[in-house]
Amino acid sequence: MPRSKRSKLVTLAQTEKKGRVNKERIFDEVREALDTYRFVWILYLEDVRTPVLQEIRSAWEGSKLIMGKRKVLEKALGTTREEEYRDNLNQLTKLCQGVTGLLFTNEPVDTVKSYFETYMRSDYSRPNSVAPLTFTIPAGIVYSRGGQIPEDEDVPMVHSLEPTMRNKFKIPTRIQKGKITLDSPYQVCEKGEKLDVRQALILKQFGVALAEFKVKVAGYYDGESSGVEKVEINMD
């Protein structure tokens, strides 16, 4: 009788081997970068999106940004004096927390500081984040930006989205003369409140991208002096 193709056995050994190979690759990349670049910076990249990473990597062409499991990065740097790859690197490892990225570069310290002091990108708010504004959809025809811009600069939301608005987003819309409409204004969120998943999705649907993403810099290691410096960057 032919063997069923509906399910296949995958051994844990194979899965673990693939994971180990990736960890070893990142470990070797970190060690190689330590031999190549003078400075290594600790960046906190919690909730970073792929386009932001691509933009940073493009801006720092000639340098190297490495991300991976924090424990792997820490192991590559060294967590103790006995294990550290270079003198005092274990002091830099202590700054790792959350989602950590390592930026290896030969650029001067002031250049790096200046870049991350001014770097900011608008982003869509995420669930459990704080609402950046009070957002209310006006009564009448529902427009694609939900009243954020004048109606003569906007377009009505396509009628095919009405079931999504009513069923998924729980907004009391209806179709009237081929247009999505509201009988009364509908408040989505109030500034300062914590957003749930539904509210975050509604804000994204209406193109509300007022959340700000910034990269926090914790400190750096100088390969020439073997010194570690903590950094306080003005994020305002």
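Start by selecting Ser125 and everything it touches: leaving out residues up to four places away in sequence, its contacts are Val130, Pro132, Leu195, Ala200, Leu203 and Ala211. Keep in mind as you click around that this is a predicted model.

Stay on Ser125 and show the cartoon. Ser125 lies in the loop that runs between strand S4 (121-123) and strand S5 (135-137). Is Ser125 buried or exposed? Switch on a surface and check: the relative accessibility of Ser125 is 8%, and because buried means under 20%, Ser125 counts as buried.

Next stop, the sheet. Select strand S6 (140-141) and strand S7 (173-176), then add strand S8 (residues 179-182). Together these three strands make an open sheet, ordered S6-S8-S7, with antiparallel pairing. S6 and S7 are the edge strands, each with a single partner strand, so one side of each has no neighbour in the sheet.

Zoom in on where S6 meets S8. Two bridges hold this antiparallel pair on the books. To find one of the residue pairs, pick Gly140 and look across to S8: its bridge partner there is Leu182.

Last, the cysteines. How many disulfides does the structure hold? Zero, so don't go hunting for S–S bonds. Do select Cys96 and Cys189 while you're at it, though. Cys96 has 8% relative accessibility and counts as buried. Cys189, at 1% relative accessibility, counts as buried too.

Conventions
Residues numbered from 1 in each chain as written. Predicted model: local features only at pLDDT ≥ 70, side-chain atom pairs only at ≥ 80, totals over all residues. Heavy atoms only, no water. Helix = DSSP H or I, 4+ residues; strand = E, 2+ residues; numbered from the N terminus. Buried < 20%, exposed > 50% of the residue type's maximum accessible area, 1.4 Å probe, protein only. Contact = heavy atoms within 4.5 Å. Pairing = 2+ DSSP bridges. Disulfide = S-S within 2.5 Å.
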